[in-house]
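This report looks at one residue and at the surroundings of the ligand. Please view the model first.

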Amino acid sequence: MRVVIAGGHGKIALLLERLLAGRGDQAVGLIRNPAHAADVQQAGAEAVVCDLEAASAGELAAVLSGAGAVVFAAGAGPGSGAPRKDSVDRGASVLMADAAERAGVRRFVQISSMGAGQPPQPGADEVWAAYITAKTAAEDDLRARDLDWTILRPGRLTDAPATGRIHLAAPPLPAGTIPRADVAAVIAALLGEPGTRHQTLELTGGNSPVAGAVRSTHQRR
Ligand SMILES: NC(=O)c1ccc[n+]([C@@H]2O[C@H](COP(=O)([O-])OP(=O)(O)OC[C@H]3O[C@@H](n4cnc5c(N)ncnc54)[C@H](OP(=O)(O)O)[C@@H]3O)[C@@H](O)[C@H]2O)c1
């Protein structure tokens, strides 16, 4: 399956590209900096230069043509201010969903964040509040669409090696951390389980093996 990943040079995206390439899927990483192409290719994916704060839905739809799934793994990142939380964490997700609809790509896995889905706590840091507001708006946009979406809300990300053991369930989950490598494995599994569509799932480290945890989320519906 051809899988187009927004934020193709992100830490989770590069791990996911390796997993997809390893199982014979064709990953395409969207990047805004051409210098990132070599890393994406080394991870086994095709690199396409596309700035998600500048591209049109029509341009993106052409890139998505023929894909089996879209993964939204972009983010404005640590160091960015409130305006880019809106233009990337919300705006780029909306753009990808618009393009997916135009291109007829139904499967859409969105990386959101634990904390989304409710208003930021009063007195929260302004940039954190903008981030949570943007993630919540991106989720709401996706839920309203006729797409086979799955929203994945990881806890705080770490760069620890994969454990293969997770806690994946409908909200709310207790706060926790999760290695990016485990998030990538969960996304790869979600792509192979279309029965997980129309679910919002939270994810932290836990005790359940990835494949079984993903399978049981749609058996519980
Ligand atoms: N940090 C946490 O604890 C945490 C917790 C839960 C969820 N998340 C979410 O998890 C997701 C992935 O995390 P991660 O650590 O893998 O992210 P990451 O390493 O920061 O990667 C994000 C990617 O998005 C790209 N990007 C930003 N603006 C773009 C644009 N205009 N056009 C195209 N690409 C653009 C960045 O490219 P450049 O290098 O060019 O900027 C970067 O490669 C993010 O959505 C994040 O919000 C994070």
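Ala185 is partly exposed, because its relative accessible area is 23% and partly exposed covers the range between under 20% (buried) and over 50% (exposed). The model is predicted. Ala185 belongs to helix α6, which spans residues 180-191. Met96 lies 89 residues from Ala185 in sequence. In space, the C-alpha atoms of Ala185 and Met96 are 22 Å apart.

Now the ligand. Where does the ligand sit? The ligand occupies the largest pocket. There are 27 residues around the ligand. Those that come nearest are Arg32, Glu53, Ala74, Tyr131 and Arg180.

The shell around the ligand has 10 nonpolar, 8 polar and 9 charged residues. Which elements each supply at least two residues of this shell? They are α1 (11-22), α4 (82-103), α5 (126-143) and β8 (156-158). Helix α4 gives the largest share, 3 residues.

Backbone contacts to the ligand are listed here.

| Protein partner | Ligand atom | Distance |
|---|---|---|
| Lys11, polar backbone atom | oxygen | 2.9 Å |
| Ile12, polar backbone atom | oxygen | 2.8 Å |
| Ala74, polar backbone atom | oxygen | 2.7 Å |

The protein buries 83% of the 930 Å² that the ligand exposes when taken alone. Ala74 thus appears in two roles: a polar backbone atom of Ala74 is 2.7 Å from a ligand oxygen, and Ala74 is among the residues that come nearest to the ligand.

Terms used: Residues numbered from 1 in each chain as written. Predicted model: local features only at pLDDT ≥ 70, side-chain atom pairs only at ≥ 80, totals over all residues. Heavy atoms only, no water. Near = heavy atom within 4 Å. Polar contact = N/O pair within 3.5 Å; in protein donor to acceptor, adjacent residues only side chain to side chain. Areas by Shrake-Rupley, 256 points an atom, 1.4 Å probe, with all protein chains shown as cover. 1 Å grid on protein atoms, 1.4 Å probe; cavity = no way out; pocket = protein on both sides within 12 Å on 5 of 7 lines; lining within 4 Å. Sits in = over half its atoms within 2 Å of the grid points. Helix = DSSP H or I, 4+ residues; strand = E, 2+ residues; numbered from the N terminus. Nonpolar A, V, L, I, M, F, W, Y, C, P; charged D, E, K, R; others polar. Buried < 20%, exposed > 50% of the residue type's maximum accessible area, 1.4 Å probe, protein only.
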